[in-house]
Amino acid sequence: MNQYLAITSRGLENLLAEELEQLGASSVKAVNAGVRFLADEKTLYKCCLWSRTASRFILVLSEFAVRDDMDLYLGATAINWPEYFSEKKRIAVDFNGTNREIRNSQYGALKVKDAIVDRFIKADRERPSIDREQPDLRIHMRLSREDGLLGIDMVGSGLHQRGYRAEAGMAPLRETNAAALVMKSGWTSEQPLLDPMCGSGTLLIEAAMMAAQVAPGLKRKRWGFESLKSFNREEWMEVHAEVTVKSKKGPARCETRFFGFDNDRRVLETAKANANRAGVGSLIQFEEADASKLQNPEGFGTGHIICNPPYGERLGTTPGLIALYTQLGVQLKTQFKGSVAHIYSGSNELLSCIRMRAESTYNLRNGALDCEMKTYQITARGEVTTSPDGQVQVQMPDVAPEFSNRLRKNLKKLEKWAKQQGIECYRLYDADLPDYNVAIDRYNDNIVIQEYAPPKTIPEETARRRLMDTVRATIAVTGVNANNVILKTREKQKGTNQYQKLGEAKRFMKVHEYNVTLEVNLQDYLDTGLFLDHRNTRKMLGEKAKGKDFLNLFAYTGTATVHAAVGGAKSTTTVDMSKTYLAWAERNMELNRKAGSQHQYIHADCLKWLESDQGQYDLIFIDPPTFSNSKRMEDNFDVQRDHIKLMADLKRLLRTDGEIVFSNNKRNFKMDLEALGELGLSAQNITHRSIPLDFERNKQIHNCWIITHKEG
């Protein structure tokens with residue numbers, strides 16, 4: 001009997017221990033990320049072929065204290081390595097762990113290798129060669145604080161490499177983990193099994209191999225133990241032959257039904273090929289289908305559903321995933337009442353969208369990600385109806401009903417108004433309810449949800465759950481395709497931070513506002529290129545601009561310039577500090593066929609440019625930041641403190657009968673009318689006229705003034 005360590009993923013120790021006991025191992029004891037046991041060679045061969053959750057089997061040769069590198073070297077040298085394998089064998093050393101003195105695993109592996117080589121030399125043998133890529137044997141060293149374990153890997157490459165998976169999907173699940181999920185689900189081979197998002201088929205293939213009694217290690221071509229002097233070839237051939245016969249007969253006898261669905265035809269072809277290589281292709285019915293429209297297939301009835309849906313790490317993927325999980329829950333309750341569902345995911349928030357109470361939870365990491373599998377007993381909820389084509393439907397209650405009702409009310413009011421106005425972009429919701437602190441904007445067939453930073457008094461989990469409910473409810477109420485919903489998190493921005501770039505994909509689209517066409521980008525920037533609250537101001541500028549020389553300062557994407565040009569401006573001058581936004585402004589003008597030398601684009605710090613420009617303008621629009629300390633500006637800027645100096649510079653450029661339209665978004669901004677009068681200027685507050693209907697709840701979204709030369 002030899003001492004072995006079976007290595008596995010953390011969380012699988014007890015499953016593996018049960019497996020090994022059933023295979024005949026003795027003195028089985030679960031340890032951290034592994035199982036210790038005793039077995040003779042024949043039992044070890046069976047374990048290697050049949051274990052579904054082990055990654056490796058290590059023949060334990062020695063355990064010793066490792067306080068420093070000398071202890072490591074002496075402990076490794078004490079083993080009579082020539083007793084176990086020939087110097088003609090190529091070896092590699094795998095070193096796992098560190099401690100206070102041995103801080104580098106590569107250094108640790110080097111010391112073990114030196115010890116092995118020296119032991120061969122002392123025995124008057126040639127030194128074995130080192131081959132990291134294709135060794136005959138792998139030496140395994142495990143170090144935990146001062147406890148060292150040294151042995152020989154009986155397997156070679158990891159046992160999760162079954163040999164059937166030539167290709168995998170976008171986020172492959174390791175075969176050993178897939179087997180563990182199936183085993184923990186409670187499914188038995190008497191019950192049908194369905195995966196609505198099967199990808200490359202790993203979960204179903206592992207389950208089918210269990211039901212058909214196909215050994216997972218049967219396709220492996222090489223084993224580490226074959227290079228040992230103690231290898232019993234006759235006994236190995238006997239065990240291998242028995243397993244081969246059983247594995248070949250199993251699929252023909254198996255009556256379990258397996259169903260795999262995916263909406264990617266290419267991935268399904270991969271799944272079919274994988275299943276055929278595994279020897280269970282005849283047992284699994286693969287079909288192209290969308291999980292959000294999942295139907296109970298003929299021959300399933302009630303059984304088990306298992307899946308590993310995507311759960312994305314980027315926030316931008318969230319709306320589509322929320323819709324996917326939500327609709328999956330609806331389809332399960334509609335089509336599979338009485339069945340059991342097992343959903344494995346790295347996002348508890350997304351799992352909550354299924355809207356069923358979990359009977360149990362099993363935690364199992366997927367690589368570096370903390371994931372869990374929740375098990376649900378499926379019962380239909382909501383009002384059950386029948387559609388005209390005879391399909392049973394479940395009308396689910398509103399998610400976040402208070403928010404849903406408010407959004408539905410806003411939509412009814414604004415949708416008709418926007419169509420009458422000839423605008424495709426407008427605000428649907430702006431933190432109307434304190435518990436749902438978001439802004440929701442519509443851009444034609446797209447929705448942008450911007451989350452405001454929640455108060456520090458709100459627990460992060462609560463805020464996250466409310467945000468998920470907001471996205472779900474928005475998709476349900478508006479009917480917009482979930483893939484056209486963009487989620488952004490934002491806080492109050494200062495200065496040019498509002499122009500923060502989020503991505504490089506350059507996903508631009510065209511929208512219409514009154515009689516102009518504008519380019520927006522809903523995903524790559526924190527802002528979209530179009531400030532919706534300035535819509536009335538842009539329209540007014542277009543109406544005032546005919547025959548005039550127009551100046552646009554802090555121009556951003558030049559949307560005000562476009563309105564002025566389309567309104568008949570004689571010339572336009574657009575000034576901004578960003579080359580990116582100036583190029584965007586020029587594209588906006590070209591979309592409206594406004595090009596020519598009369599339209600100038602100036603890359604400059606607006607404040608410095610104002611001090612030196614000698615031009616004369618009839619109509620000036622300026623919408624400066626509330627505050628800016630940009631490194632590209634020589635001085636910081638505060639609109640409250642500096643607006644009079646700004647007006648002094650603007651007055652010099654303004655023709656006698658000209659107008660300045662001055663806007664800013666500083667709350668409680670106070671125009672210094674006395675100082676303005678001393679400059680010979682007068683101001684009219686037109687904020688009430690400049691705030692459009694969709695922003696009427698937020699009277700302080702901006703303030704707007706018309707400034708002219710003082711009469712007399």
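How do the residues of the lining of the largest cavity divide into nonpolar, polar and charged? In this predicted model, the lining comprises 2 nonpolar, 3 polar and 2 charged residues. The residues concerned are Ser51, Leu159, Gln161, Arg162, Pro216, Gly217 and Arg220. The volume of this largest cavity is about 40 Å³, and the structure contains 1 cavity of 30 Å³ or more. Rolling a probe the size of a water molecule over the atoms shows where empty space is left.

The nonpolar interior was examined next. In soluble globular proteins, nonpolar side chains tend to be buried together. The largest nonpolar core of the model has 94 residues, of which Leu181, Phe258, Val280, Ile284, Phe403 and Ile440 touch the most other members. Helix H6, spanning residues 202-211, makes the greatest contribution to this core, with 8 residues. Another core, of 55 residues, lies apart from it and includes Ala76, Phe95, Val155 and Trp223. The surroundings of Phe403 were also listed. When neighbours within four places in sequence are left aside, Phe403 is in contact with Tyr429, Leu433, Tyr436, Ile440, Thr470, Ala473 and Thr474. Ile440 thus appears among the contacts of Phe403 and also among the core residues that touch the most other members.

A set of paired strands was then traced from E23 through E26 and E29 to E31. Strands E23 and E26 run parallel and are joined by 4 bridges; in this pairing, Asn552 stands opposite Phe621 of E26. Strand E26 (residues 617-622) also pairs with E29, again in the parallel sense, over 5 bridges. Within that pairing, Leu619 is placed opposite Glu659 in E29, and Ile620 has Ile660 of E29 as its bridge partner. On pairing with strand E31 (residues 703-709), E29 adopts the antiparallel sense, over 6 bridges. Ile660 stands opposite Ile707 in E31, in addition to serving as the bridge partner of Ile620. Both E26 and E29 are mostly covered: 6 of the 6 residues of E26 are buried, as are 8 of the 11 residues of E29, which spans residues 654-664.

Leu653 is located in helix H17, formed by residues 639-653. With a relative accessible area of 0%, Leu653 falls under the 20% limit and is therefore buried. Apart from neighbours within four places in sequence, the contacts of Leu653 are Leu551, Trp609, Leu610, Asp613, Gln614, Gly615, Gln616, Tyr617 and Ile620. Ile620, one of these contacts, is the residue bridged to Ile660 of E29. By contrast with these contacts, Leu487 is 42 Å from Leu653, C-alpha to C-alpha, at a sequence separation of 166 residues.

A charged residue, Asp71, was considered in the same manner. Asp71 lies in helix H3 (residues 69-77). Its relative accessible area is 17%, and Asp71 is accordingly classed as buried, the limit being under 20%. Not counting residues up to four places away in sequence, Asp71 touches Phe64, Ala65 and Val66. The C-alpha atom of Asp71 is separated by 72 Å from that of Asn588, 517 residues apart along the chain.

Positive phi values in residues other than glycine were noted at two loop positions. Phi of Asp124 is near 60°, and this residue lies in the loop between helix H4 (105-122) and strand E6 (137-144). Phi of Phe554 is near 50°, and Phe554 is situated in the loop between strand E23 (549-553) and helix H14 (559-566). The two residues take opposite accessibility classes. Asp124 is exposed because its relative accessible area of 72% is over 50%, whereas Phe554 counts as buried because its relative accessibility of 14% is under 20%. The loop of Phe554 begins after strand E23, which is joined to E26 by the parallel bridges described above.

Conventions:
Residues are numbered from 1 along each chain as its sequence is written. This is a predicted model: local features need pLDDT of at least 70, side-chain atom pairs count only at pLDDT 80 or more; totals for chains, interfaces and linings use all residues. Side-chain values use heavy atoms; hydrogens and water are left out. Buried means under 20% relative accessible area, exposed over 50%, partly exposed in between (1.4 Å probe, protein chains only). Two strands pair if DSSP finds at least two bridges between them. A nonpolar core is a set of buried Ala, Val, Leu, Ile, Met, Phe, Trp, Tyr and Cys residues joined through side-chain atoms within 4.5 Å. Contact means heavy atoms within 4.5 Å. On a 1 Å grid over the protein atoms alone, a cavity is a set of points where a 1.4 Å probe fits but cannot get out, and a pocket is an open set with protein on both sides within 12 Å along at least five of seven lines; lining residues have an atom within 4 Å of a point. Grid points are joined across faces, edges and corners, and a volume is the space filled by probe spheres set on the points. Ala, Val, Leu, Ile, Met, Phe, Trp, Tyr, Cys and Pro count as nonpolar, Asp, Glu, Lys and Arg as charged, and the others, Gly among them, as polar.
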